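Reader: I'd like a close look at the inside of this protein, with the cysteines as the way in. What is packed in there, and where is space left over?

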Amino acid sequence: MNQGWFFVVVKQGKDKQKQDLENCLSTVKIIDCGTYDFCCFKSKSWHEFIKAQQTEQKDVNSRLEVKKEEAVWELFTSECTYFLDHLLVLKMIFMNTLKYLQSKEFLLDVDLWKLFANLEELNKFFQGELCQTHQIYCLNYTSAVFYLENLRQREDFGIYLKWCEQNEQCKRLHLPELLVAPLHRLTRYPLLLNNIWKRSTDETEKGSIWSVKEKVEKSIRDLEGKVKWLDNFQKFRQLHEVIIWPQIWDRDKRFFVPECLKQNLRENSSENLLSSASRLLLHEGRLTLAESTRLLDVYLFLFDDFLLITKIKRNKKKYGGSDTGLIPVCPSLAPELQSLIREGGFCSVLDQPIPLDRLILKNVDPIHITVFSLRNAFLIQHENRYRQCIAVFLLQAQTDTAKKTWMSQIEMAISNYTKQDETRKSTLFCFPAESSEI
């Protein structure tokens with residue numbers, strides 16, 4: 001009876017919070033972006049804008065000049081659309097509404113920077129550090145998207161989001177579609193500038209336009225490199241959190257260490273393996289490991305220099321405690337691992353990492369494993385530096401295609417690692433001859 005009363009009180013409290021939030025949203029005042037002076041320009045063509053002043057143009061240069069003016073007008077009007085229909089909508093409707101709610105003690109734990117980054121700093125001028133504000137925004141975009149995905153699981157944030165997206169100025173665009181607009185806009189600038197350059201007849205002017213276009217393209221190339229690095233960094237940061245490295249005596253019962261000596265061995269430097277900024281995760285996924293008496297769910301991580309086999313662990317307690325829904329999950333990880341993290345799971349290292357130059361991969365013919373009722377199996381053998389086998393893993397994929405993919409990925413990784421290792425060795429030992437007589 002008391003328990004039932006408790007749930008009724010909790011429900012009533014949630015209903016009141018929901019009602020208070022909706023009442024607060026009803027007091028929000030949104031500025032109409034259509035009141036801006038240059039709003040009328042975005043839907044006009046160049047000819048409509050200057051039709052009162054147009055005269056018959058006959059010579060080639062004049063026709064090119066008109067085409068150049070049309071290209072400049074396209075840049076201007078598309079910038080108006082970008083500013084009015086995307087940036088202003090993001091700021092006036094979504095960001096400002098969230099700020100207003102937070103001033104009224106709602107959604108206080110939602111991080112404005114994680115969601116909108118430097119939205120207010122975005123401008124329309126190529127000056128100083130070219131496109132720097134767009135770069136800062138774009139570098140935060142991936143984090144913003146999966147932060148948003150986690151926030152959407154909350155009822156209070158969902159109420160706020162639905163209210164904003166129903167505003168007619170959004171024109172049926174949802175927040176993810178608006179957040180990506182600065183990325184699309186930055187990549188469109190080179191095309192718009194190139195159209196102006198092609199139609200310009202003045203060589204000095206053409207040189208200036210070309211210079212700006214090249215700077216924008218360089219900015220985009222730099223951004224692509226930074227985004228790739230940042231994505232890899234975020235991926236490894238999350239792997240560092242989700243991959244658990246048991247102590248040697250927990251991993252293998254053969255190793256006995258008295259309790260009084262364990263403190264001396266507590267420091268586990270294996271975790272530093274995932275701290276290298278240059279290491280790459282090539283392939284990952286769930287497989288089944290055949291043990292003597294059971295089948296074990298395992299999750300494999302194939303890096304560019306070693307293979308890591310982990311056991312899948314699922315906890316009743318959510319990963320990250322009660323705030324699981326707010327923990328960003330890196331979208332570049334495999335969906336299966338993302339789901340495991342959200343469910344509170346983690347990966348416990350089963351055995352020591354297998355260096356690619358110590359890994360032997362062997363296919364298993366179905367005829368040889370009918371006794372064990374295994375399908376799509378392959379064998380991984382771990383050798384030490386003396387070429388002695390120190391571990392063997394019989395793995396099973398869910399499908400034949402998955403098996404072939406895993407074997408192909410491992411073979412390719414071994415091949416690339418071997419080539420790079422040979423290159424390093426040849427560079428180390430190949431010195432220029434100081435004398436032909438030596």
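Author: Let's start with the cysteines: the structure holds zero disulfides (a disulfide being a pair of cysteine sulfur atoms within 2.5 Å). This is a predicted model, where local features need pLDDT of at least 70 and side-chain atom pairs count only at pLDDT 80 or more, while totals for chains, interfaces and linings use all residues. Residues are numbered from 1 along each chain as its sequence is written, and side-chain values use heavy atoms, with hydrogens and water left out.

Two of the cysteines are worth a stop. Cys-24 counts as buried at 8% relative accessibility (buried is under 20% relative accessible area, exposed over 50%, partly exposed in between, with a 1.4 Å probe and protein chains only). Cys-347 is buried too, with a value of 0%.

Now the wider picture. The protein has 438 residues, and 40% of them are buried. Its secondary structure amounts to 13 helices and nine strands (DSSP runs numbered from the N terminus: H or I of at least four residues for helices, E of at least two for strands). If you take the contacts with a separation of 6 or more, 69% of them join residues 24 or more positions apart (contact: heavy atoms within 4.5 Å).

On to the packing itself. The largest nonpolar core holds 50 residues, and the ones that touch the most other members are Leu-90, Phe-94, Phe-116, Phe-157 and Tyr-160 (a core is a set of buried Ala, Val, Leu, Ile, Met, Phe, Trp, Tyr and Cys residues joined through side-chain atoms within 4.5 Å). Two or more residues of this core come from each of α1 (2-25), α3 (60-103), α4 (112-116), α5 (132-151), α6 (155-165), α7 (175-179), α8 (181-199) and α9 (203-242). Of these, α3 gives the most, with 11 residues. Zoom in on Leu-90 and, leaving out residues up to four places away in sequence, you find it touching Met-95, Phe-116, Leu-119, Tyr-137, Leu-175, Leu-178 and Leu-179. Apart from that core there is another one, of 25 residues, with Leu-296, Leu-302, Ile-354 and Ile-380 among them.

So much for what is filled; what about the gaps? A search of the whole structure turns up one cavity of 30 Å³ or more, and the largest cavity holds about 30 Å³ of space. For the record, on a 1 Å grid over the protein atoms alone, a cavity is a set of points where a 1.4 Å probe fits but cannot get out, a pocket is an open set with protein on both sides within 12 Å along at least five of seven lines, and lining residues have an atom within 4 Å of a point. Points are joined across faces, edges and corners, and a volume is the space filled by probe spheres set on them.

Around that cavity sit Cys-138, Leu-139, Thr-142, Val-227, Leu-230, Asp-231 and Gln-234. The elements giving two or more residues to this lining are α5 and α9, and α9 gives the most, with four. By class, the lining splits into four nonpolar, two polar and one charged residue (Ala, Val, Leu, Ile, Met, Phe, Trp, Tyr, Cys and Pro count as nonpolar, Asp, Glu, Lys and Arg as charged, the others, Gly among them, as polar).

The largest pocket comes in at about 410 Å³. Its lining has 20 residues, and Asp-252, Leu-350, Asp-351, Ala-391 and Phe-393 are the closest to its centre. Here α10 (248-251), β2 (281-290), β5 (345-349) and β9 (389-396) each give two or more residues, with β9 giving the most, at four. The class split for the pocket lining is 11 nonpolar, two polar and seven charged.

Finally, a few loops. In the one between α4 and α5 you'll meet Ala-117, which is buried at 9% relative accessibility and has a positive phi near 50° despite not being a glycine. Glu-105, in the loop between α3 and α4, also has a positive phi, of about 75°, without being a glycine, but Glu-105 is exposed, with a relative accessible area of 59%. Further along, Asp-357 belongs to the loop between β6 (354-355) and β7 (359-363) and is partly exposed at 30%. Leaving out residues up to four places away in sequence, Asp-357 touches Arg-387 and Tyr-417. The C-alpha atoms of Asp-357 and Phe-306 are 8.3 Å apart, with the two positions 51 residues apart in sequence numbering.
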